[in-house]
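Biologist: Please take a close look at chain A for me. I would like its strands, its helix packing and its unusual backbone spots in one connected account.

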Number of protein chains: 2
Amino acid sequence: MTPIHDFETLVSRLSSDNAARTRVAVVCPADEHTRQAVARAISDGFADCTLYVTPGCDWQADGLAELAGKISVVTLDTPDDAARRAVADVRAGLADVLMKGLINTDNLLRAVLDKTAGLLPPGRVLSHLTAMQVPGRDKLLFFSDAAVIPSPTAAQRIAQAHYVADACRSFGIDEPRIALIHCTEKTSPKFPVTLDYADIIQRAGNGEFGKAVFGGPIDVKAACDAEAAAIKGLTSPVCGNADALIFPDIEAGNVFYKTMTCFCHALTAGTLVGTTAPVVVPSRSDSAAAKFASLAMACLMSRAARD
Amino acid sequence: MTPIHDFETLVSRLSSDNAARTRVAVVCPADEHTRQAVARAISDGFADCTLYVTPGCDWQADGLAELAGKISVVTLDTPDDAARRAVADVRAGLADVLMKGLINTDNLLRAVLDKTAGLLPPGRVLSHLTAMQVPGRDKLLFFSDAAVIPSPTAAQRIAQAHYVADACRSFGIDEPRIALIHCTEKTSPKFPVTLDYADIIQRAGNGEFGKAVFGGPIDVKAACDAEAAAIKGLTSPVCGNADALIFPDIEAGNVFYKTMTCFCHALTAGTLVGTTAPVVVPSRSDSAAAKFASLAMACLMSRAARD
């Protein structure tokens, strides 16, 4: 598989895949951007969608009426009921991807994280993964974690390393270059995160994360700009050419996410990982394009996990 | 004073100021970019420079030979001696700004932070302040701290708030809007930084930081993009229109700095603050333009502190 380096290629790859379409459970598609994203995924032929709605939800707006013949609709009393039922259907193998519409994230997550009826197996780490398309850059940039784990433990960082490596490979990046981000290049007990990074690099050397190259601690610029890395005298294969970044904590990850979308016009796709199926949890301020890209990313990752 | 919204205006303001030129002590100007920055500051008429060099330092290159009549040179045996002597001269009131050339930052800082002979009064907080010129943005963006304090205490955050407010006002921003950055808008004990922020906002309301508006916790995008703030329903005067950002820790600040320079072609100026005189400590990878902008920023701040 040749690598997928932009969202347009991602969509055409999904649409041209002769395998069965990905089955998506959409909770409360009561906002325009979610409906637009769902309509496009159906039109593009890569998703079959079931909508979990509450009475009065105008799910037929924004192009969905024309696609009604291809849509299943389940009506529940409340958004919480809709979330629980959608999760139950994913658990039962009736859907491959869960997507949030206009429901409070905390309410959806309560159903997703329910210990007996949810989607997170015991001991698994829930994290968030973003793929970013940056104007002027010739490939996607993956990163973790801008949204879920405030301050990762060593075990959580190892889980993030797995998720990021797996996601890159599902996009056809045969041997992803993954940069472990820190403000300096020094490994020092003064910054415990750098000790976690050293452990990850050792594990990577032992093949624990599959085919992938990890490097760091390294700063964002040295990871993404070969000239900056050269000035610092850095030579790791990750330098200047990273496919993915793992941030030390949610503050750093969130600053990267918000800075790139605010100042660099980056388009993002994001999904929760660690669950038995990808869970798309866009934020209110995400555009229809971002919600659609997130859904497409989740569909690809679901197919890759199945293969 | 009308506000200074870009580095070109900063330089013309400095050059047209009829007050005495700012006296700059330059330690080891043995690299091209430092010499170019110094040459331009002298040519533009806003700085008088004393160079602290070691034997063999080719300080006359890069345009400085032509300016030799306007330059004082002090030759010392070692870079450490040069650093100590430059610091001593600043202490003695013979220079207003200290600037690092090709000397290890740690070595320069050892002289700057020396308890009896340095530039940091007892009890003062050393921090780093950046001013950033972003293509497409109509004013500078100030922020703290991308380089010095790993994980600020509450007292260190208060010091940062003072430094940022003072710096903005020295650039003519009468009532700066200062955003306290965090990944969400919630104040919660789960994130102790948000409690520090609440305290800072209360102090700001009591006038502790002079004329300035503080807001937060808020994310980078809501602070800098009015539309993103509106979607989130935020209404503080800081939203979408921040003059300055204070980051929760060095990881977040450094990610912002590196992301903006790597992906957004931002031009930065930076200086250490908290010392009795601004200390310009560029990094090796800074361009001549960045070193010059840093020197100009430090000169302005020195003049503002004197007035």
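Modeller: What follows goes through the strands, then the helix pairs, then the loops, with a short look at chain B at the end. Keep in mind that this is a predicted model.

Start with strand E5 of chain A, residues 127–133. Of its 7 residues, 6 are buried, so E5(A) is largely enclosed by the rest of the structure. E5(A) has pairing partners in E10(A) and E6(A). With E10(A), the pairing is antiparallel and runs over 7 bridges. Within that pairing, Leu129(A) sits opposite Thr271(A) of E10(A). With E6(A), the sense is again antiparallel, and 3 bridges make the link. Here Met132(A) has Leu141(A) of E6(A) as its bridge partner. In a regular strand, side chains alternate between the two faces of the sheet.

Now move to strand E1 of chain A, residues 22–27. E1(A) is mostly covered, with 5 of its 6 residues buried. Its link to E2(A) is parallel and consists of 6 bridges. Val27(A) takes part, and its bridge partner in E2(A) is Tyr52(A).

Next, the helices. H2(A) spans residues 32–43, and H10(A) spans residues 288–306. They pack at an angle of about 50 degrees, and their axes are 8 Å apart. That angle makes H2(A) oblique to H10(A). The crossing of the two is right-handed. On the H2(A) side, the contact is made by His33(A), Thr34(A), Gln36(A), Ala37(A), Val38(A), Arg40(A) and Ala41(A). H10(A) supplies Ala288(A), Lys291(A), Phe292(A) and Leu295(A). By class, the contact of H2(A) with H10(A) holds 6 nonpolar, 3 polar and 2 charged residues.

A second pair is H3(A), residues 79–91, with H4(A), residues 105–112. Their packing angle is about 35 degrees, and their axes lie 9 Å apart. H3(A) also passes H4(A) in a right-handed crossing. From H3(A), the contact uses Asp80(A), Ala83(A), Arg84(A) and Val87(A). From H4(A) come Asn107(A), Leu108(A), Arg110(A), Ala111(A) and Val112(A). The residues in the contact of H3(A) with H4(A) divide into 5 nonpolar, 1 polar and 3 charged.

Then the backbone spots. Most residues other than glycine have a negative phi, and most peptide bonds are trans. Some places in chain A depart from this pattern, beginning with Asp62(A), which is not a glycine yet has a positive phi of about 55 degrees. Asp62(A) belongs to the loop between strand E2 (47–53) and strand E3 (71–75) of chain A. Asp62(A) is partly exposed, at a relative accessible area of 30%.

His265(A) is another non-glycine residue with a positive phi, about 55 degrees. His265(A) lies in the loop that runs between helix H9 (250–263) and strand E10 (267–273) of chain A. So this loop leads to E10(A), the strand that pairs with E5(A). His265(A) is exposed, at a relative accessible area of 63%.

A cis peptide bond comes next. One joins Ser144(A) to Asp145(A), with omega about 10 degrees. Asp145(A) is in the loop between strand E6 (141–144) and helix H5 (154–170) of chain A.

One more loop residue deserves a look. Asn241(A) is in the loop between helix H8 (226–231) and strand E9 (244–246) of chain A. Asn241(A) is partly exposed, with a relative accessible area of 28%. Leaving aside neighbours within four places in sequence, Asn241(A) is in contact with Lys139(A), Arg177(A) and Ala223(A). Asn241(A) and Pro55(A) are 186 residues apart in sequence, and their C-alpha atoms are 50 Å apart in space.

Finally, chain B. Strand E2 of chain B, residues 47–53, has 6 of its 7 residues buried, so E2(B) is largely enclosed by the rest of the structure. E1(B), residues 22–27, joins E2(B) through 6 bridges, and the two run parallel. Val26(B) has Leu51(B) of E2(B) as its bridge partner. Chain B also holds a cis peptide bond, between Gly216(B) and Pro217(B), with omega about 0 degrees. Pro217(B) lies in strand E8 of chain B, residues 213–218.

Note on methods. Residues numbered from 1 in each chain as written. Chains lettered and ligands numbered in written order. Predicted model: local features only at pLDDT ≥ 70, side-chain atom pairs only at ≥ 80, totals over all residues. Heavy atoms only, no water. Axes fitted to C-alpha atoms, helices over the stretch in contact; angles between N-to-C directions. Helix = DSSP H or I, 4+ residues; strand = E, 2+ residues; numbered from the N terminus. Parallel < 35°, antiparallel > 145°, perpendicular 65-115°, else oblique. Left-handed = near helix turned anticlockwise from the far one by under 90°. Contact = heavy atoms within 4.5 Å. Nonpolar A, V, L, I, M, F, W, Y, C, P; charged D, E, K, R; others polar. Buried < 20%, exposed > 50% of the residue type's maximum accessible area, 1.4 Å probe, protein only. Pairing = 2+ DSSP bridges.
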